[in-house]
Amino acid sequence: MASNNHKLLQENRNKGISPCHPLTLSFRDNELENEYSRSTLKYTKQQGYMAITVGVFVYLLFGILDQWIVDPENATQVWKIRFTALCVPAIVLALIFSPWFSRLGNLLLASVGLAAGVGLMAIQMLLSVENSAYFYPAMVLVTFFTYNFIGTRFIFALCVDLVLLVSYNLLFGIAMEYPSSIIVTHDFFIISANLIGGAAGYLNERQKRFLFLREKQLDVERHHHMIRSLHDGLTGLPNRDLLYDRISHAMASSKRTDMKHCGLFLDLDGFKSINDALGHEIGDDVLELVAQRLESVVRSIDTVARIGGDEFFVLALDIGNETNASNLAEKILDQFDTPIPGIPESMKLSTSIGICIFPYEGMTVPDIIRRADMAMYRIKSSGKNNYAVAKAPLKPIPLTSQ
């Protein structure tokens with residue numbers, strides 16, 4: 001899936017199409033957008049928690065101004081409005097670590113800014129026009145708070161602050177008939193705050209999203225290089241390094257459990273004559289077909305590796321016993337009974353197989369491969385196109401004195 005997203009992004013980049021919507025900054029690919037939301041959720045929760053905590057403290061701190069700008073008969077009403085507005089961040093704090101937040105996080109955080117702005121306007125309605133000059137800067141703070149601190153997305157903050165700006169003008173410019181000079185002055189600073197805070201919020205989110213894309217691209221490239229370093233370039237099968245690692249894991253599991261595993265060393269019979277007579281290109285095609293046939297007869301938990309030239313190795317996990325290992329070897333031999341397209345009958349391909357069953361005392365990865373290799377050479381020297389099982393090593397006989 002990540003590879004498909006990477007290809008789509010590359011195609012869009014080649015066409016000059018931005019991966020993000022120019023206004024909302026959402027990724028055009030829904031799966032990519034969901035992945036970005038999941039990857040930033042933890043940080044969004046932490047930022048939201050901190051912003052709400054600081055915001056509530058500052059909101060309450062505004063009460064210090066009441067003694068100078070609020071008439072005594074309105075003081076109780078002002079505090080009721082203030083505490084009502086603080087119910088919203090309290091609810092968001094309660095939901096911030098719940099499953100609801102993962103689905104509605106940006107909307108919930110934006111609602112904190114909206115509640116703060118509505119509360120401030122409700123309080124300002126109780127003030128005289130002259131005292132509003134000391135209070136409306138709080139709307140500027142709410143603007144910056146919503147764009148740059150609460151942690152919601154730019155588009156949500158933009159909607160909240162535009163609603164507050166329009167509401168402010170309708171309420172105080174029309175309903176309460178503030179003088180035009182005061183409304184224009186207030187609008188100048190509130191709109192300036194929207195332009196500065198909004199631009200900063202927009203650029204910050206855009207940078208985060210493009211950094212996320214770059215990290216994904218690097219992850220894809222690292223994964224690609226890792227796959228190349230651990231797989232055979234021709235057949236795509238695991239190479240010797242990855243095979244060694246998987247045998248090591250199998251050895252470790254066999255020590256913890258009673259499971260028996262086995263390794264099958266395969267050397268192709270007659271491949272050299274095919275390669276020499278028909279050319280390396282045909283030889284490569286044969287190796288690819290052999291790899292496909294080997295993978296078709298093993299289970300998903302098993303490993304088929306190419307360890308060099310025309311040599312392959314099959315690691316079969318939890319094989320049970322020697323009989324099952326022999327049955328697997330016979331299935332592999334059966335695959336070579338089917339003619340290979342384009343290869344003359346006189347150049348029939350077969351394979352010799354050596355089997356090593358483990359665990360056994362003193363086993364190592366090289367020794368497992370070596371013992372399977374030696375069993376394979378017994379078949380090579382006695383007619384080919386068959387299999388042999390490596391016998392368990394004999395314990396050394398202690399010397400006795402004469």
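**Helices, sheet and pockets**

Author: In this predicted model, helix H14 (residues 322-335) lies across S1, S3, S4 and S5 and runs at about 160° to S4.

Reader: What does an angle of about 160° make of H14 and S4?

Author: Angles over 145 degrees count as roughly antiparallel. H14 and S4, at about 160°, are therefore roughly antiparallel.

Reader: Which strands stand at the edges of the sheet, and why are they called edge strands?

Author: The open sheet has five strands in the order S2-S3-S1-S4-S5, with mixed pairing. Strand S2 (303-308) and strand S5 (387-389) each have a single partner strand, so one side of each has no neighbour in the sheet. On average, neighbouring strands of this sheet are turned by 20° against each other, direction ignored.

Reader: How do you know that S1 and S4 pair?

Author: Two strands pair if there are at least two bridges between them. Strand S1 (residues 261-269) and strand S4 (residues 350-358) have nine bridges, in the antiparallel sense, so they count as paired. One example is phenylalanine 265, whose bridge partner in S4 is glycine 354.

Reader: What is the direction of H13 relative to S3?

Author: Helix H13 (residues 280-297) packs on the sheet and touches S1, S2 and strand S3 (311-316). Its direction makes about 15° with that of S3. Angles under 35 degrees count as roughly parallel, so H13 and S3 belong in that class.

Reader: Why are H4 and H6 given the class they have, and which residues make the contact?

Author: The axes of helix H4 (residues 75-85) and H6 come within 9 Å and cross at roughly 170°. That angle is over 145 degrees, so H4 and H6 are roughly antiparallel to each other. The contact is made by Val78, Ile81, Arg82 and Ala85 of H4 and by Ala115, Gly119, Ala122 and Ile123 of H6. By class, these residues are six nonpolar, one polar and one charged. Gly counts as polar, so Gly119 is the polar one.

Reader: How many charged residues are in the lining of the largest pocket?

Author: The largest pocket has a volume of about 680 Å³. It is lined by 33 residues, with Tyr36, Thr40, Thr44, Gly151 and Arg153 the closest to its centre. Eight of the lining residues are charged, 13 are polar and 12 are nonpolar. H2 gives the largest share, 10 residues.

Reader: What makes up the lining of the second largest pocket?

Author: The volume of this pocket is about 290 Å³. Among its 20 lining residues, Gly55, Tyr59, Ala116, Val142 and Phe145 are the closest to its centre. Its lining has 19 nonpolar residues, one polar residue and no charged ones.

Conventions
Residues numbered from 1 in each chain as written. Predicted model: local features only at pLDDT ≥ 70, side-chain atom pairs only at ≥ 80, totals over all residues. Heavy atoms only, no water. 1 Å grid on protein atoms, 1.4 Å probe; cavity = no way out; pocket = protein on both sides within 12 Å on 5 of 7 lines; lining within 4 Å. Points joined across faces, edges and corners; volume = space filled by probe spheres on them. Helix = DSSP H or I, 4+ residues; strand = E, 2+ residues; numbered from the N terminus. Axes fitted to C-alpha atoms, helices over the stretch in contact; angles between N-to-C directions. Parallel < 35°, antiparallel > 145°, perpendicular 65-115°, else oblique. Contact = heavy atoms within 4.5 Å.
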